[in-house]
Amino acid sequence: MAEEQGRERDSVPKPSVLFLHPDLGVGGAERLVLDAALALQTRGCSVKIWTAHYDPGHCFAESRELPVRCAGDWLPRGLGWGGRGAAVCAYVRMVFLALYVLFLADEEFDVVVCDQAICIPLSLCSEPGHTVLSSVMC
């Protein structure tokens, strides 16, 4: 009986999970995204990470084990001296990233995990039946 239930669980299709993150560097939010992505991958889910900035030389080593794609790296990360406008630029980069993934990247996914709330309305523009989660860091 338990063996049959185990086989039934294994035969259930695993969801495809898409993570949207503004800058995949070496910080706390990045660690959270990577840990969640690796845990889901270990459980058999298909995982992809899309980011607006990714430098394989300045990231957690685990990110090199995952499919990381980048769009919008040409957009500015700040507006001037001392990091001014960094929040506005991160917001714009995430809007661009979400629009790019939805309309140009030809990605198929079941679940979207967004690191900023802006991605939620944009991700809802995708096909019906997709689940959208937010992991907003404050």
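## Rings, a helix and two cores

Student: At 64% relative accessibility, does W74 count as buried, partly exposed or exposed?
Tutor: This is a predicted model, and the accessibility is computed from it. Exposed means over 50% relative accessible area. W74 has 64%, so W74 counts as exposed.

Student: And F96, at 26% relative accessibility: buried, partly exposed or exposed?
Tutor: Buried would need under 20%, and exposed over 50%. F96 has 26%, so F96 counts as partly exposed.

Student: How many aromatic pairs does the structure hold?
Tutor: Take one example, W74 with F96. The total number of aromatic pairs in the structure is three.

Student: What kind of pair do the rings of W74 and F96 make?
Tutor: Their ring centres are 5.5 Å apart, and pairing needs centres within 6.5 Å. Their planes stand at 80°, and planes over 60 degrees apart count as edge-to-face. So the pair is edge-to-face.

Student: How many residues apart in sequence are the parts that W74 and F96 tie together?
Tutor: W74 lies in the loop between β3 (68-70) and α3 (86-103). F96 lies in helix α3. So the pair ties together parts whose separation in sequence is 22 residues.

Student: Which residues form one aromatic cluster with W74 and F96?
Tutor: Two further residues join W74 and F96 in one cluster. They are W50 and Y100.

Student: Which ring does the charged end of R31 sit over?
Tutor: Look 4.6 Å from that charged end, and you reach the ring's centre. The ring belongs to F60.

Student: What span should α3 have, at 1.5 Å a residue?
Tutor: Helix α3 has 18 residues, and the rule multiplies 1.5 Å by one less than that number. Its end C-alpha atoms are 26 Å apart, which agrees with the expected span. That span is 26 Å.

Student: Within what arc do the buried residues of α3 fall?
Tutor: The buried residues are C89, A90, R93, M94, L97, A98 and V101. Seen down the axis, they line one face of the helix, because they fall within an arc of 165°.

Student: Which exposed residues does the face of α3 turned away from its buried side carry?
Tutor: Turn to the face away from the buried side of α3. The exposed residues there are V88 and F103.

Student: Which element gives the largest share of the largest nonpolar core?
Tutor: This core has 16 residues, and A37 is among those that touch the most other members. Elements giving two or more residues are β1 (16-21), α2 (28-42), β2 (46-51) and β4 (111-114). The largest share is four residues, from α2.

Terms used
Residues are numbered from 1 along each chain as its sequence is written. This is a predicted model: local features need pLDDT of at least 70, side-chain atom pairs count only at pLDDT 80 or more; totals for chains, interfaces and linings use all residues. Side-chain values use heavy atoms; hydrogens and water are left out. Rings of Phe, Tyr and Trp (its six-membered ring) pair if their centres lie within 6.5 Å; planes under 30 degrees apart count as stacked, over 60 as edge-to-face and the rest as tilted. Buried means under 20% relative accessible area, exposed over 50%, partly exposed in between (1.4 Å probe, protein chains only). A charge sits over a ring if NZ of Lys or CZ of Arg is within 6 Å of the ring centre and within 35 degrees of the ring normal. The arc is that of the directions from the helix axis to the C-beta atoms. A nonpolar core is a set of buried Ala, Val, Leu, Ile, Met, Phe, Trp, Tyr and Cys residues joined through side-chain atoms within 4.5 Å.
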